[in-house]
Amino acid sequence: MNNSNKGSIYNTPISPIKMVFSISVVLIILYSVVYSIVLPDEKEIISTDCKLYEEEWELVLDNGERLPAQVPGKVDAEFGEVVTLTTTLPPNICNGETLCFRPIWQDVDIYIDGQKRLSYNTKDTRPFGANSTMRYLFVELTEADSGKVLTYQFSSDSKYAGNMQNVYMGDRASIWIHMVKTSGLRFLLSLSLIMLSIFCLLITMILMRVYKKALPLSYLAWTILLCAVWMLSESDFRQLLFDNISILTNLTYWCLMLIPCPLVIYINEVQSNRYSKLYMFPMTYATVMLIVGTFLQVFEIVQFVQQVPFIHVGLAMSILAIIGTITFDAFKKRLREYVVVGIGVYGLLVTAVLEMLLYYYETTLSLGTVLGIGLLFLLIMAIIKTGQDLLVTEKNKQEAIAAREAQAKFLANMSHEIRTPINAIIGMNEMILRENEDDTIEDYAHNIQSASKMLLGLINDVLDFSKIESGQLELVEDTYHLGSLLQDAVLLMNARAAGKPISTHVEVESELPSKYWGDELRIKQILTNILSNAVKYTKEGSVTLKVSHKPLDKEQVMLVMSVTDTGIGIKKEDLPKIFDGFKRLEIDKNRNIQGTGLGLNIAKQLVTQMRGDITVESVYGKGSTFTIYVPQKVMDRKHLGNLKDSVNANRREQTAPEIRFTAPQAQILIVDDNNMNLSLMKGLLKRTQMQVDLVKSGQECLELTKDKKYDIIFMDHMMPEMDGVEALNFLRADTGNPNSTGVVIALTANAIAGCREMYLGYGFNEYLSKPIQADKLEEMILQYLPKDLVNLREEAL
Ligand code: ADP
């Protein structure tokens, strides 16, 4: 078995190619190394080398006296004093040979035999500042210049007034090649760091949007970007990239001044903001330095270049503070929280020290290269840390989602389980109320009715709350008539207020448009909640509902519904807590008033989901006004008119006889595993005189329906062995069954969002939620029964 495995790995057709590739690589490396050692340099053959200009120089004093001078070197000169140096050019100059100067902050004039060959002064092209910025200057020579006298005049308003840098001689290309060799790596490093830091910034921005949390990495990315721009703006190649390098050079100083802030912010955030107070010092210093320094430079009081030592103080302060806190954390064993970043900072520190040593002892290694590598190292470590943090966040998020889903599922199941018995209680009680003639029993039954409705309301609240918490509550929008919404709410308010010394008032603006697009049920839920609270928390007096609107745009209006009561009111200090979940105020005082403290929280969250708001004003002991604002799209601008009339009309309708039809020929089948539900349905349908068959399982339903055609089948969803959906599928698939295309209505205690769509999707014709309400049940039967079977009662028309 092992052998055959080995064979499959090593004996593939491309094995020989792999072998040839490996041998070739080894041979090429050997070739390069051996010949580089054995054969001599070719430099001598093609002389493209650029050389230091090493002729003798003389300093010309004002009185004409001449003194020998060292180039590179320094002569004594005051700020602004013009220094003149001369030299005799070599006797054998070729055409195209070039001299290259790099004056520091100096204005320069170059003459050959008294003839001006170059003048450098940026007075007219720089934004501000007293000196011309550093730049490579090239003076191209010809054979005719051989042995002539070169005069170099310069002046500066800075400490560099007497400085002379290296002068190079060679053709232009060889001078640039020399610069590539000495500072190309640094240049490439700065470009790569710029790109990397911008990339990091973009990624952190995207991650911040995704995870909705701030990522400290963005501050480090800013730090690295500033360092990289500083390195680039100091680069030898800057004059190849930018047309006006005077603009660029100011960036060097601003970058240096700004670096401490994002660096310290980053480290502080990684250290969980423990050392904010300490870090305030370097950050305040850097900020003040930035403002004052810029002011001094712009108004030419003190040049940026003169401010460098003060800028370094800011950098040093922040680096010392960072090193100090990290070392302190290491002692306190807190470094393990951010050990990766700690290593990164120590790495940067090592490179910074190395950089300084190289600067003082080894001038050929260009400034910033090693530091750049240190920065890159820190950035990589910071990226690793961010990755680790995000993994933890992601894990926590997944766990939270799983926990929330489990909770929502548990609540949905629990609500289903509790609804089933309540359904039976309410239904059975309804039958007692209908059939009973004894007053005492009727009283008991009314009490059972109100208690079980309370319990049902409570379950609905808890379910809504959990759905909102887990983000599962979806608004179901459709066109609705505001009149009927208000009418239902007012009826409920009146019913609740009945028996209490409370008068109810309704003031509806008559110009209110009548039809809107929105979630009618949820708006009704919000309004009835506020109305029933008003009645609940008012002992005597009045409750007034006012409805008006404000135009928002062409399509939308803001519906404003305010409920004012003369109740117990709310203390000022309690007002901010009133919309919190599970928050009941003055529990001692309100002990006898039932509630969960969820109603207002749900109402607030629902209105917020509709992009509206609820506000409350209250005077303790006098009463409260809750105002609901919901933006709604108007579907019909026809005025609503007088609500009172329509409410009264509705009241008359309510007193109409309860039974609307009989259908003695109609065949109905009810499938439910719960005996009580079966007898409840039978009881509810008794007065319609329909022929009702009852079965206890999907299996029995399939048996019975084989030979008998039913006009409507009511099918419970959750049943053991074969559930309602499976039974329906079998029924629909069995084309020989006379009921395969018949009307099947789902009966369920399932009350989660999107239920109706779900059941229609399964293939049911309709969906009826438990507890079954007699009027809804009858209405649905009327809709689906063949008309010739139905005897409508005259009074009901
Ligand atoms: P509850 O189920 O307790 O009524 P709500 O979320 O609807 O829960 O209300 C939260 C609390 O706000 C109530 O317990 C009550 O103390 C206070 N409250 C709500 N409406 C009124 C009102 N109209 N007058 C006085 N207090 C009110």
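**Reading salt bridges**

Mentor: Let's start with one pair: Arg-687 and Glu-778 join side chains in a salt bridge, 3.0 Å from N to O. The two sit in distant parts of the chain, 91 residues apart, with Arg-687 in the loop between α17 (675–685) and β22 (691–695) and Glu-778 in helix α21 (residues 774–784). Keep in mind that this is a predicted model.

Trainee: Why can side chains pair up like that?

Mentor: Opposite charges can pair when the charged atoms come close. Here, the N-to-O distance for Arg-687 and Glu-778 is 3.0 Å.

Trainee: Is Glu-778 buried or exposed?

Mentor: Glu-778 is buried, because its relative accessible area is 3% and the cut-off for buried is under 20%. Arg-687, at 25%, counts as partly exposed.

Trainee: How many salt bridges does the structure hold?

Mentor: There are 15. One of them joins Glu-337 to Arg-274, with 3.5 Å between the closest N and O atoms. That pair also links distant parts of the chain, 63 residues apart: Glu-337 lies in the loop between α9 (304–331) and α10 (339–361), and Arg-274 in the loop between α7 (260–270) and α8 (276–298). Glu-337 is partly exposed at 41%, and Arg-274 is partly exposed at 28%.

Trainee: Which residues are linked with Glu-337 in a network of salt bridges?

Mentor: Arg-274, Asp-329 and Arg-334 are in that network with Glu-337.

Trainee: And what does Glu-58 form with Arg-66?

Mentor: A salt bridge, with the closest N and O atoms 3.3 Å apart. Glu-58 is partly exposed at 35% relative accessibility, and Arg-66 is partly exposed at 46%.

How values were computed
Residues are numbered from 1 along each chain as its sequence is written. This is a predicted model: local features need pLDDT of at least 70, side-chain atom pairs count only at pLDDT 80 or more; totals for chains, interfaces and linings use all residues. Side-chain values use heavy atoms; hydrogens and water are left out. A salt bridge is a side-chain nitrogen of Lys or Arg within 4 Å of a carboxyl oxygen of Asp or Glu. Buried means under 20% relative accessible area, exposed over 50%, partly exposed in between (1.4 Å probe, protein chains only). Helices (H or I, at least four residues) and strands (E, at least two) are DSSP runs, numbered from the N terminus.
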